[in-house]
Amino acid sequence: MIFDTHTHYDDHKYDDDREAVLASLSSVGIQRVVNVAADMHSVDTTLQLAQTHDFVYAALGVHPDGVGALTEADMDRLKELALKYAYRNAADPKVPGLNKVVAIGEIGLDYYWDESPRDVQKQWLERQLQLAEEVDLPVIIHSRDAAKATYDILKEHRTGEGTGIVHCFSYSREMAREFLNLGYYIALGGVTTFRNGRTAKEVAAYVPSDRLLLETDCPYMAPVPYRGKRNYSGYLTHVVDVIAELRGTTREEIEEMTWENARRLYRLND
Ligand code: NI
């Protein structure tokens, strides 16, 4: 059983066959996925996917590439939706409905693409971290070419075991240790299978067994032998094999520990 902690099945690349792809996942061992919003439009499409598929959960937030047009009204809306549809409400008989929101994300800093000015990216990362504290949900952090700036902001906010995930982790083992010390989990995917993915392989071997997560970031980041193609959760088996070899263990053990880690981080009871 595999838990894909980071997907974008609402992406237009699935417009022709979305339902067929989602329907195929259980037959290839994928039992849970979290669909992650990246802008205010995908907040709606993410919620819709989660509410129409039992095994899909939702993360709501705005990616650093899309923060340029954000307003406080958007934050009010995110907060309202996160509170209204929080997964924890499912345990409360007084709050009926399909309650699937398990995180705020993805949020962060991207100094590789620099789609928005860096001070604007920082401002909205801080604001969305504050929002996550207000609604008491973990965060999914996107951080590219911005290790120190991201770390400096995260350490000034809520920390401790289960605060959040640094997704598609692309930094060194030393940097991984810093984020782990803040209480963050580390999510790895296709890059661990790349021939030039030496750093990701080192991190995959290094992260403690109770802090490692699997993710596709699909439709992006397809693993070898599908590199460059449209990704989907079924390809995670290739990532599992590589990580198992790097850690000197079995595929079954990697699946089991990352499954338990994802349930703990996203606070799932089912
Ligand atoms: Ni993503």
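Where does Asp-136 lie? This opens a set of exercises on a predicted model.

**Exercise 1. Place Asp-136 and describe its backbone and exposure.**

Solution.
- Step 1. Find the flanking elements. Asp-136 lies in the loop between H4 and E5.
- Step 2. Read phi. Asp-136 is not a glycine, yet its phi is positive, at about 55 degrees.
- Step 3. Classify the exposure. The relative accessible area of Asp-136 is 39%, so this residue is partly exposed.

**Exercise 2. Describe the largest pocket and its lining.**

Solution.
- Step 1. Take the volume. The largest pocket has about 800 Å³.
- Step 2. Count the lining. It holds 34 residues. Nearest the pocket centre lie His-63, His-142, His-167, Asp-217 and Tyr-220.
- Step 3. Assign elements. Helix H2 (40-52), strand E4 (101-110), strand E5 (139-144) and helix H7 (198-206) each give two or more residues to the lining of the largest pocket.
- Step 4. Split the lining by class. There are 14 polar, 10 nonpolar and 10 charged residues.

**Exercise 3. Characterise Asp-217 and the cis bond between Cys-218 and Pro-219.**

Solution.
- Step 1. Locate Asp-217. This residue is in the loop between E8 and H8.
- Step 2. Check phi. The value for Asp-217 is near 60 degrees, which is positive in a residue other than glycine.
- Step 3. Decide on burial. The cut-off for buried is under 20% relative accessible area. Asp-217 has 10% relative accessibility and therefore counts as buried.
- Step 4. Turn to the peptide bond. Cys-218 and Pro-219 are joined by a cis bond with omega about 15 degrees. Pro-219 also lies in the loop between E8 and H8.

**Exercise 4. Work out the surroundings of Glu-106.**

Solution.
- Step 1. Place the residue. Glu-106 is in strand E4.
- Step 2. Inspect the preceding bond. The peptide bond from Gly-105 to Glu-106 is cis, and omega is near 5 degrees.
- Step 3. Judge burial. Glu-106 has 2% relative accessibility, so it counts as buried.
- Step 4. List contacts beyond four places in sequence. Among them are His-6, His-8, His-63, His-142, His-167 and Asp-217. Val-36, Ala-37 and Ile-140 are also included.
- Step 5. Look for a polar contact. The side chains of Glu-106 and His-142 make one at 3.3 Å.
- Step 6. Compare sequence and space. Glu-106 and His-63 are 43 residues apart in sequence, while their C-alpha atoms are 5.2 Å apart.

**Exercise 5. Where is Ser-233, and what does Ser-233 touch?**

Solution.
- Step 1. Locate the residue. Ser-233 sits in the loop between strand E8 (212-214) and helix H8 (236-247).
- Step 2. Judge burial. The relative accessibility of Ser-233 is 0%, so this residue counts as buried.
- Step 3. Collect its contacts beyond four places in sequence. Ser-233 touches Asp-4, Thr-7, Tyr-9, Leu-25, Ile-30, Val-33, Thr-216 and Cys-218.
- Step 4. Pick out the polar contact. The side chains of Ser-233 and Asp-4 come to 2.7 Å.

**Exercise 6. Is His-53 buried or exposed, and which side chain makes a polar contact with His-53?**

Solution.
- Step 1. Place the residue. His-53 is in the loop between H2 and strand E3 (56-60).
- Step 2. Apply the area. With a relative accessible area of 11%, His-53 is buried.
- Step 3. Name the contacts beyond four places in sequence. They are Glu-19, Leu-22 and Lys-100.
- Step 4. Find the polar partner. A 2.8 Å polar contact joins the side chains of His-53 and Glu-19. The two residues are 34 apart in sequence, with 9.8 Å between their C-alpha atoms.

**Exercise 7. Describe the nonpolar cores.**

Solution.
- Step 1. Start with the largest core. It has 73 residues. Tyr-9, Ile-104, Leu-129, Phe-169, Phe-179 and Tyr-184 touch the most other members.
- Step 2. Name the main contributor. Helix H4 (residues 118-135) gives the most to this core, with seven residues.
- Step 3. Follow Phe-179. Beyond four places in sequence, Phe-179 touches Ala-147, Thr-150, Tyr-151, Leu-154, Val-166, Phe-169, Tyr-171 and Tyr-184.
- Step 4. Add the second core. This separate core has 18 residues, including Val-34, Tyr-57, Tyr-87 and Leu-213.

Key:
Residues numbered from 1 in each chain as written. Predicted model: local features only at pLDDT ≥ 70, side-chain atom pairs only at ≥ 80, totals over all residues. Heavy atoms only, no water. 1 Å grid on protein atoms, 1.4 Å probe; cavity = no way out; pocket = protein on both sides within 12 Å on 5 of 7 lines; lining within 4 Å. Points joined across faces, edges and corners; volume = space filled by probe spheres on them. Helix = DSSP H or I, 4+ residues; strand = E, 2+ residues; numbered from the N terminus. Nonpolar A, V, L, I, M, F, W, Y, C, P; charged D, E, K, R; others polar. Core = buried A, V, L, I, M, F, W, Y, C linked by side-chain atoms within 4.5 Å. Buried < 20%, exposed > 50% of the residue type's maximum accessible area, 1.4 Å probe, protein only. Contact = heavy atoms within 4.5 Å. Polar contact = N/O pair within 3.5 Å; in protein donor to acceptor, adjacent residues only side chain to side chain.
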